[in-house]
Amino acid sequence: MESKTFLHTLDPRVKIVVLFLFSWGIALVQDFKGALFYLPFVFFSLLMAKKEVLKLAKHLFIANTFLLFIVLSMVLTYESPNMLRVGFVSISFDGLKLGLLLFLKSSLILSLTAVFLSTSSIFSIFHALHHLKFPNSLCQILFFSYRYLHTVKEEYETMLKAARCRGFKPESSIKTYKTFAYILANLLVRSYRRADRVYKAMLCRGFRGEFPVYSHFSLKRKDIIFAVTSFIYLAVVVLWRF
């Protein structure tokens, strides 16, 4: 049986609210000093996740790889008086500084998002969003997108496997582009038909635009303590800047 950490036992509503407020605070800081004030909170959140950190590290590494491209583009394209020209390449030190700040802020928000959301089930997250007064239609769209994304992927892999059994070999040619176009068009038609069948099946089971939920959240003492502690930390960090 998989062991649960402290974050697993917290109310998802509390985690989403804390995540939103800290992401907002991190996004608004304008310098490294301000961003580093949030680092202890993110660090302790990762420590509380324990074994989940190892699972998240791989995903965070991939996400940070894309962030490095943003830093590189800032270095090469940001216009400022403080620039070094090497041949036809211009290197902006101000762009490097701004890119690294964006990298740090994005990494903090990504780490906090991953550690908070990965410690709740996907259904609990959408259930919590519903209680936090997110639009019902938006919650359902997100839930169904997540639910059937893997199904669409399996359909795509099945069709690609069938094409390969018929001798299809992907390469840079018009025939390959046409084959992928046929696969994607077929995937779109199949997805529409499956969505229609699922919708009719749900109507037959009494679906009226809302999911019946048999268990509801209840705030416990540890949820309140975690929320109050987090808000105090955030208030101190924000007020310290003034």
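# A guided tour of the predicted model

Begin by selecting residues 60-78, whose end C-alpha atoms lie 26 Å apart; this span is 95% helix and 0% strand. The model is predicted, and the tour moves from this span to the chain as a whole, then to one helix and one residue.

**The annotated spans.** Residues 60-78 belong to a set that an unreviewed UniProt entry annotates as "transmembrane region", together with residues 35-53, 98-126 and 224-240. Select residues 98-126 next. The end C-alpha atoms of this span are 35 Å apart, and its make-up is 86% helix and 0% strand.

**The whole chain.** Now display the full chain and colour it by secondary structure. Ten helices and two strands are present. Followed along the sequence, they give the pattern α-α-α-α-α-β-β-α-α-α-α-α. The radius of gyration is 23 Å, well over the 18 Å that the globule rule gives for 242 residues, so the chain is more spread out than a compact globule. Rotate the view to see the extent of the C-alpha trace, which spans about 65 × 60 × 35 Å along its principal axes.

With a surface displayed, consider what is covered and what is not. Of the 242 residues, 31% count as buried. The chain exposes about 16,800 Å², of which carbon and sulfur atoms supply 69%. Contacts also link distant parts of the sequence: among those between residues at least 6 apart, 75% join residues at least 24 apart.

**Helix α6.** Select residues 93-117, which form helix α6. Its 25 residues reach 36 Å from the first C-alpha to the last, close to the 36 Å expected at 1.5 Å a residue. At the N-terminal end, show the side chain of S92. This residue caps the helix, with a side-chain oxygen 2.9 Å from the backbone nitrogen of G95. G95 is itself one of the buried residues of α6. Others to highlight include L101, L104, L108, S111, L112 and F116, which are also buried.

**Residue V42.** Finally, centre the view on V42, located in helix α4 (residues 39-49). Is V42 buried or exposed? Its relative accessible area is 4%, and because buried means under 20%, V42 counts as buried. Which residues does V42 contact, leaving aside its neighbours within four places in sequence? They are L108, S111 and L112, and these three appear among the buried residues of α6. To end the tour, draw a distance between the C-alpha atoms of V42 and L112: they are separated by 6.0 Å, although the two residues are 70 residues apart along the chain.

Notes: Residues numbered from 1 in each chain as written. Predicted model: local features only at pLDDT ≥ 70, side-chain atom pairs only at ≥ 80, totals over all residues. Heavy atoms only, no water. Helix = DSSP H or I, 4+ residues; strand = E, 2+ residues; numbered from the N terminus. Expected span 1.5 Å × (residues − 1). Buried < 20%, exposed > 50% of the residue type's maximum accessible area, 1.4 Å probe, protein only. Polar contact = N/O pair within 3.5 Å; in protein donor to acceptor, adjacent residues only side chain to side chain. Rg over C-alpha atoms; globule rule 2.2 N^0.38 Å. Contact = heavy atoms within 4.5 Å. Areas by Shrake-Rupley, 256 points an atom, 1.4 Å probe, with all protein chains shown as cover. UniProt positions renumbered as here; feature names shortened; annotations may be inferred.
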